[in-house]
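Here are a few worked exercises on helix packing. Have a go at each task before you read the solution.

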Amino acid sequence: MTIKEARVASGLSQVKLSDLLGVPLLTLQFYEEGHRKCSPWLERLLVAAIEKGEPIEEHEEYETVKEARKAKGWTQAQLSAALGIPRRTIENWDSGSRAPTDWCRRLVIDNIVKYEDE
């Protein structure tokens with residue numbers, strides 16, 4: 001299912017979805033209209049969040065994905081396997097050579113924290 005399909009099935013406008021998840025409206029529009037490619041792993045996490053219909057929680061105890069991953073006791077490989085994020089992406093985040101956007105960081109951390117609840 002695509003982001004747009006999930007949004008429409010949930011009865012949300014792009015504006016309401018942006019407000020709910022904290023994803024910039026322009027980013028959602030670009031993903032839905034194909035002006036920007038959404039990574040498959042990110043699309044899966046976004047679709048799951050849309051289907052849940054709950055805001056992405058801010059876990060202020062973690063500033064980085066690496067902190068949340070280590071607190072969970074996961075290796076990079078375990079995070080990759082659990083959430084489908086490419087290991088190279090995780091390595092780049094951990095080393096600081098790249099950083100996820102703030103909303104993506106919050107989405108990933110929320111999924112790490114809540115993983116056992118699923």
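**Exercise 1: the helix in the middle of things**

The buried residues of α4 are Trp41, Leu42, Leu45, Leu46, Val47, Ala49 and Ile50, where buried means under 20% relative accessible area with a 1.4 Å probe, protein chains only. Before we go on: this is a predicted model, in which local features need pLDDT of at least 70, side-chain atom pairs count only at pLDDT 80 or more, and totals for chains, interfaces and linings use all residues. Residues are numbered from 1 along each chain as its sequence is written, and side-chain values use heavy atoms, with hydrogens and water left out.

Task: work out what the buried residues of α4 pack against, and check the span of α4.

Step 1. Helices here are DSSP runs (H or I, at least four residues), numbered from the N terminus. α4 covers residues 40-52, 13 residues in total.

Step 2. From first C-alpha to last, α4 reaches 18 Å, close to the 18 Å expected at 1.5 Å a residue; the expected span is 1.5 Å times one less than the number of residues.

Step 3. Look for contacts, meaning heavy atoms within 4.5 Å. The buried residues of α4 pack against α1 (3-9), α2 (14-21), α3 (25-33), α6 (76-83), α7 (87-95) and α8 (102-114).

Step 4. Just after α4 comes Gly53, with a positive phi near 70°.

**Exercise 2: α2 against α3**

Task: describe how α2 and α3 cross, and say which residues meet.

Step 1. Fit axes as lines through C-alpha atoms over the stretch in contact, with angles from 0 to 180 degrees between N-to-C directions. The axes of α2 and α3 come within 9 Å and cross at roughly 125°.

Step 2. The two helices are therefore oblique to each other (not under 35 degrees, over 145 or 65 to 115).

Step 3. On the α2 side, Gln14, Val15, Leu17 and Ser18 meet Leu25, Leu28, Gln29 and Glu32 of α3. That contact splits into four nonpolar, three polar and one charged residue.

Step 4. Zoom in on Ser18 of α2. Ser18 is buried, at 12% relative accessible area, and touches Val23, Pro24, Leu25 and Leu28, leaving out residues up to four places away in sequence.

**Exercise 3: α6 against α7**

Task: which residues of α6 and α7 meet?

Step 1. The axes of α6 and α7 come within 9 Å, crossing at roughly 130°, so this pair is oblique.

Step 2. Gln76, Ala77, Leu79 and Ser80 in α6 meet Arg87, Ile90, Glu91 and Asp94 in α7.

Conventions. Buried means under 20% relative accessible area, exposed over 50%, partly exposed in between (1.4 Å probe, protein chains only). Ala, Val, Leu, Ile, Met, Phe, Trp, Tyr, Cys and Pro count as nonpolar, Asp, Glu, Lys and Arg as charged, and the others, Gly among them, as polar.
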